[in-house]
Amino acid sequence: MTTVRQRRAGKGTEAAEDQPSEETNVKPDGKILPDPPGRKLWKILSITVGGIVAISLGLLTSVYVATLHENDLWFSNIKEVEREISFRTECELYYSYYKQMIQAASIQQGLHGLVYDNKTESVRTINILERMNVYQEVFLSILYRILPIQQYLEPVYFYIYTVFGLQAVYVIALYVTSWLLSGTWLSGLLAACWYITNRVDTTRVEFTIPLRENWALPFFAVQIAAITYLLRTHLQPAQERLTLMAVFIATFLFSLTWQFNQFMMLIQALAFFILDCLDMLPTAKVTWLYIIQISGLLLVCVLQFFNSMILGSLLISFNVSVLIARTIQKNLKKGGLLNRLGKLILHVLLVLCLTLLINKFIKKILNLESDEHIFKFLKAKFGFGATRDFDANLYLCEEAFGLLPLNTFSRLSSTLLFYVYGFVLFLLTVAAVIVAFRNLSCSNQVQFKEKMEEYTVTLKPDAAYSLVHTVLFGCLALSTMRMKYLWTSHMCVFASFGLCSAEVWKLILKCLHLYTSQRTQVIKYSIPIIILLYMSFKFWPGIMDELSELREFYDPDTVELMNWIKSNTPNTAVFAGSMQLLAGVKLCTGRTLTNHPHYEDKNLRERTKQIYQIYAKRSPGDVYGILRSFGTDYVILEDSICYERRHSRGCRLRDLLDVANGHIMDGLGENEPDLKPSLYPRFCEEIKKNLPSYTMHFTRVFQNKTFHVYKLAKHK
């Protein structure tokens with residue numbers, strides 16, 4: 001088991017002055033009046049200062065997480081095999097392709113090795129570029145090869161520094177989004193500080209560097225910033241075209257770098273759909289956003305050799321359905337309240353039915369089953385019947401896919417983030433309900449727009465999108481802990497925007513009959529500054545202590561195993577074992593695997609379940625036959641899995657296998673009535689007794705405190 005030990009000595013009313021904000025000097029015909037010279041100079045100065053602060057905070061965040069990574073592992077001092085092991089599980093698999101491209105004789109040979117890969121899954125040749133989102137590793141390896149930096153920078157440092165550099169992009173994008181929403185860069189400063197002080201809940205980049213989300217989320221943040229700017233009123237045509245291009249590029253890069261992109265963008269598309277139905281976003285811009293999502297995903301599909309999972313995604317089916325339904329129902333936004341509500345219900349039902357029909361048709365044509373495990377997991381998670389499906393239970397029993405722990409909120413509250421977020425969320429939700437009701441009630445849109453200035457409660461399109469975005473991704477985070485990083489980062493943006501927004505404070509003060517323009521300006525600047533000072537005094541000492549704490553990576557058993565494999569087995573040897581461990585075997589030794597952690601393939605899932613029979617109650621002959629069918633030469637057994645105590649009964653890997661095989665589970669507790677005792681003892685325990693029935697198939701060739709390696713006999 002990998003451990004870390006102590007290191008040995010060795011709503012747009014008046015725009016704020018300092019914002020890159022919507023112009024207030026607008027003629028009735030839509031033309032923008034030039035700013036007075038003094039105001040223009042002040043705006044340029046403010047944008048310059050705000051930009052410098054944004055870049056500085058981004059770079060500081062990047063250095064901060066890089067320092068934490070170095071201090072936690074003593075990365076610069078440990079051996080290469082220890083560095084590679086420190087990446088852990090699926091991260092090791094992704095990094096192995098970067099290493100493979102670096103070590104290839106040429107770029108062309110490296111690409112050929114990825115397109116025709118026969119070492120990731122034994123007795124199969126697969127296209128890595130089709131199956132996995134590893135174009136970032138390909139691009140980075142090519143960049144490393146062509147740049148004159150090989151003598152100064154090791155490949156591993158070029159890789160990790162790039163990922164840490166993306167954190168700078170991430171923080172700058174969050175900063176800019178908050179700035180655009182509120183109109184003051186003070187809001188961006190507060191958002192960035194909240195992101196840093198809540199690091200435990202906003203990112204995990206320092207210990208899961210190659211994870212796909214660490215590549216993708218910075219581009220997602222850039223996309224949200226671009227959408228926020230796009231939704232502003234009075235944009236010039238050239239500005240709008242450039243912003244649409246920025247949205248497309250960010251959407252494409254986000255889609256290219258993460259296999260779960262389609263599910264995240266589906267939630268985003270739902271936000272567009274809800275707001276469009278309620279007349280809170282311009283329909284023309286929403287249409288462009290639907291088209292951008294589809295085109296970005298289809299371009300990725302082409303680059304991934306027409307990956308069928310992308311073609312069969314719900315996102316494409318949903319967006320196409322919305323565009324078709326809108327064409328059918330042309331008068332959706334006309335009529336009184338009851339008339340529009342009726343049309344809206346029909347519209348939602350039409351979109352839902354079309355989405356399911358189109359998706360079912362595509363999956364039928366393509367014979368697509370790659371993502372069925374996700375829907376099985378969701379069905380079981382939300383209580384639509386119990387399941388004995390091994391794959392679904394494997395997810396259900398992982399803490400990362402469980403509900404968001406309550407202690408998350410106590411951590412977020414310690415920085416005041418959650419309190420402010422709840423306050424702003426309540427206010428804007430009330431405002432959104434009022435605006436939505438008003439939009440649906442008004443049948444005359446021209447007259448409605450003329451009266452907009454008279455209303456006390458308004459909600460700008462960019463603020464409305466931010467509200468629905470945070471609500472939907474909040475629901476996702478509450479239901480699945482692993483997805484909290486999509487919510488908590490935007491939580492920082494949303495809370496800081498609300499706290500620094502003149503519109504929010506204007507609404508509050510008007511409700512209290514205390515509104516004056518000067519009072520609004522004082523409050524919108526003073527409260528954020530007070531919170532920043534509070535966070536500085538409370539968290540700065542802790543951050544300094546964290547940066548001064550020095551530790552060292554320590555996992556001698558895994559290091560010993562990897563060194564033994566490299567020294568004592570042929571390069572063509574095929575290894576079977578747990579998904580997580582085999583990813584490390586591929587990275588550290590280059591040996592061929594039977595299975596791996598990238599689970600988005602039905603054949604691989606079935607293969608993994610078969611390989612895992614080494615931890616089930618099966619006969620030695622059955623296990624031997626299964627392993628040999630995948631060309632296995634060596635099998636690695638882990639005591640931490642065979643005698644697992646991390647999970648409770650019913651969620652241990654051996655329990656999942658027993659239930660899937662129809663056998664009763666070990667230990668005290670209830671079993672389902674139709675489960676029966678197995679005729680054989682547990683394989684991983686019994687093989688250690690060296691009984692003849694086992695030794696005729698398996699010979700132990702390596703052993704330490706954690707791992708046992710057995711060589712398979714090659715019977716004729």
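Cysteine 397 is buried, at a relative accessible area of 13%, while its disulfide partner, cysteine 651, is partly exposed at 22%. This is a predicted model, and a search through the whole structure turns up two disulfides. Below is a quick tour of those bonds, a couple of other cysteines, and the cavities.

**The 397–651 disulfide**
- The sulfur atoms of cysteine 397 and cysteine 651 sit 2.1 Å apart.
- Cysteine 397 is in the loop between helix 18 (390–396) and helix 19 (407–414), and cysteine 651 is in the loop between helix 30 (639–642) and helix 31 (653–660), so the bond ties together parts 254 residues apart in sequence.
- The S-S torsion of cysteine 397 and cysteine 651 is about -75 degrees, which makes this disulfide left-handed.

**The 642–684 disulfide**
- Cysteine 642 pairs up with cysteine 684, with an S to S distance of 2.0 Å.
- Here the bond links helix 30, home of cysteine 642, to helix 32 (residues 683–686), home of cysteine 684, so it ties together parts 42 residues apart in sequence.
- With a torsion of about 80 degrees about the S-S bond, the disulfide of cysteine 642 and cysteine 684 is right-handed.
- Cysteine 642 is buried at 1% relative accessibility, and cysteine 684 is buried at 1% too.
- Counting bonded cysteines along the chain, the disulfides follow the pattern 1-3, 2-4.

**Other cysteines**
- Why is there no bond from cysteine 492 to cysteine 193? The sulfur of cysteine 193 is the closest cysteine sulfur to that of cysteine 492, but at 10 Å it's too far for a bond.
- Cysteine 492 is buried, with a relative accessible area of 0%.
- Cysteine 301 is buried as well, at 1%.

**The largest cavity**
- The largest cavity holds about 100 Å³ of space.
- Its lining has 13 residues, with Leu174, Ala221, Ile224, Ser489 and His490 nearest the centre.
- Helix 7 (155–182), helix 10 (212–230) and helix 23 (484–499) are the elements that each give two or more residues to that lining.
- Helix 23 chips in the most, with five residues.
- By class, the lining of the largest cavity is nine nonpolar, four polar and no charged residues.

**The second largest cavity**
- Next comes the second largest cavity, with about 50 Å³ of space.
- Residues lining the second largest cavity include Gln167, Tyr170, Arg204, Glu213 and Tyr485.
- Helix 7 and helix 10 are the elements giving two or more residues to the lining of the second largest cavity, and helix 10 has the largest share with four.
- The lining of the second largest cavity splits into five nonpolar, four polar and two charged residues.

Key:
Residues are numbered from 1 along each chain as its sequence is written. This is a predicted model: local features need pLDDT of at least 70, side-chain atom pairs count only at pLDDT 80 or more; totals for chains, interfaces and linings use all residues. Side-chain values use heavy atoms; hydrogens and water are left out. A disulfide is a pair of cysteine sulfur atoms within 2.5 Å. Buried means under 20% relative accessible area, exposed over 50%, partly exposed in between (1.4 Å probe, protein chains only). On a 1 Å grid over the protein atoms alone, a cavity is a set of points where a 1.4 Å probe fits but cannot get out, and a pocket is an open set with protein on both sides within 12 Å along at least five of seven lines; lining residues have an atom within 4 Å of a point. Grid points are joined across faces, edges and corners, and a volume is the space filled by probe spheres set on the points. Ala, Val, Leu, Ile, Met, Phe, Trp, Tyr, Cys and Pro count as nonpolar, Asp, Glu, Lys and Arg as charged, and the others, Gly among them, as polar.
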